[in-house]
Amino acid sequence: LPIPAPLVCSRTRAPHTRLCLKHFGRSSRDTVSKVLLQRDVRVHAESNGATSSNGAGANSEKRVYGPPPPPPEDFKPDWQLLLEEEALHDEEVAELLEDCEGDANKIYEKVRQRFNARTAEIMRERQGREEGMEVLFRDFDASNLWVWMELYDYPLESERKLLEEVVDAWFTLGHLGGYNCLNLQVLEQGQQISNMKYDMKQATDEPLLALFHNMDEVEYKGNWARFWVDLGTADELSVDILINSLTQLSREYLGIKQLVVGGYNDDWREGTERKGGGDLFFRLGHAQGDL
C-alpha cells in the first residue's frame, strides 16, 4: 500500500497515524497499522545503529518499540509473592505451591486447574433420576442396622453434604422420639382435623419412649454410600419415612440407583464390625449420654 511519506514519523506517530488512516477505508486500517509498526521498528533499529557508530546516542532521545524485554530469572509477579505469604498461614495454599519449585508457570497452571475443577463442581446441575429407586431388604437388626445406597454417579462434595443433611435430619427426629406409632393422634383422626382435641396425656405417658440410640457418619466408597444406625426403641415407621425421603431426594437432586436396608456388602466388608454399645459418635456432635 502506498503511504504518504510526510504523514509517517518514526519518533511520534500518534497524530500522523490518525491522519494517515483517514486516507484508507475501514478494511485497510489493520494493514496500514501493521506497516506503520514495521517501519517504526526498522527506523528505530537503523537510528540505534547510527548513534552507536557516531557516539552521539548518549544525549539523544530513544523511543523503544516492539515487545518489552524479558524479566530477570529471579523475577516473581505480585500474585506469586502474595500466595507465598499466604502459604505460611494457610495449609491449602501451601499444598497448592508444593512441587512447583517457585516456578510461576507451574503455580499458575495448578491454580487454573483448581479453579476449573471448582467451577465445574459449582456449575454442575443437580440432576435427579425419574427411574424409581430400587429398595431391597436383607437381614434386619434394629440395634445393628446398616443402610447401603448405590448412586448413579460418583457424588460431588455438594451432593455428599446434601445426603448427609437428609440422614442427619432423619436421625435427629428419631432421637427426639418422632417415630412413635403409639401416638399418631392426627393420623387416626382422619379428615376431621379442624378443632380436634389433642390428648397430651397420651403423648407423654408412654411407659417406653420411642428413641433412636445412635448413628455413625455416612461413609463413601466409589459410587456407594453407607451408614450404621441403632434404631433403639423407635418403631419401624422410621424406615418408611427414610425410604420416602430418599425416594424424593433421588428424583430431584441425587440419583440413587438402589437402597439396601440391612445385611452387608461383600465388596465393602471393612469397618462393619460394631460392638452395639453407645460408644459411637454420631453426627450431632454429642455423645449419646449427653442427650
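In this predicted model, 5 bridges join strand 2 (residues 145-151) to strand 6, and the two strands run antiparallel. Strands, like helices, are DSSP runs numbered from the N terminus, a strand (E) having at least two residues and a helix (H or I) at least four, and two strands pair if DSSP finds at least two bridges between them. Residues are numbered from 1 along each chain as its sequence is written. Because the model is predicted, local features need pLDDT of at least 70 and side-chain atom pairs count only at pLDDT 80 or more, whereas totals for chains, interfaces and linings use all residues, and side-chain values use heavy atoms, with hydrogens and water left out.

**Strands 2 and 6 and their partners**

Within the pairing of strand 2 and strand 6, Val-147 stands opposite Val-261, and Met-149 has Leu-259 of strand 6 as its bridge partner. Strand 6, which spans residues 256-261, also pairs with strand 1 (residues 134-137), here in the parallel sense and over 4 bridges; in that pairing Leu-136 stands opposite Val-260. Strand 2 in turn pairs with strand 5 in the antiparallel sense over 6 bridges, and Trp-146 of this pairing faces Trp-228 in strand 5.

The strand pairings can be set side by side as follows.

| Strands | Sense | Bridges | Residues standing opposite |
|---|---|---|---|
| Strand 1 and strand 6 | parallel | 4 bridges | Leu-136 and Val-260 |
| Strand 2 and strand 6 | antiparallel | 5 bridges | Val-147 and Val-261 |
| Strand 2 and strand 5 | antiparallel | 6 bridges | Trp-146 and Trp-228 |

Both strand 2 and strand 6 are mostly covered, with 7 of 7 residues buried in strand 2 and 5 of 6 in strand 6. Here buried means under 20% relative accessible area, exposed means over 50%, and partly exposed lies in between (1.4 Å probe, protein chains only). In a regular strand the side chains alternate between the two faces of the sheet. In strand 2, Leu-145, Val-147, Met-149 and Leu-151 point one way while Trp-146, Trp-148 and Glu-150 point the other way, and all of these are buried.

**The largest nonpolar core**

A nonpolar core is a set of buried Ala, Val, Leu, Ile, Met, Phe, Trp, Tyr and Cys residues joined through side-chain atoms within 4.5 Å. The largest such core has 29 residues, of which Met-149, Leu-163, Trp-170, Phe-227, Val-229, Leu-246 and Leu-259 touch the most other members. Two or more residues are given to this core by each of strand 2, helix 6 (157-175), strand 5 (224-230), helix 9 (237-252) and strand 6. In soluble globular proteins, nonpolar side chains tend to be buried together. With contact taken as heavy atoms within 4.5 Å, and residues up to four places away in sequence not counted, Leu-163 touches Met-149, Tyr-220, Ala-225, Leu-246, Leu-249 and Leu-254.

**Buried positions elsewhere**

Ile-107 lies in helix 5 and counts as buried at 2% relative accessibility. Leaving out residues up to four places away in sequence, Ile-107 touches Trp-79, Gln-80, Leu-83, Leu-97, Cys-100 and Gly-102, and its C-alpha atom is separated by 7.5 Å from that of Leu-96, 11 residues apart along the chain. Asn-180, by contrast, has its place in the loop between helix 6 and helix 7, yet at 12% relative accessibility this residue too counts as buried. Beyond its neighbours within four places in sequence, Asn-180 is in contact with Glu-206, Ala-210 and Asp-235.

**Exposed loop residues**

Asp-99, in the loop between helix 4 (91-97) and helix 5 (104-123), has a positive phi of about 65° although it is not a glycine, and Asp-99 is exposed, with a relative accessible area of 72%. Asn-195, found in the loop between helix 7 (185-189) and helix 8 (200-204), likewise has a positive phi, near 60°, in a residue other than glycine, and Asn-195 is exposed with a relative accessible area of 80%.

**The chain overall**

The protein has 9 helices and 6 strands, and 30% of its 291 residues count as buried. Among contacts with a separation of 6 or more, 71% are between residues 24 or more positions apart.
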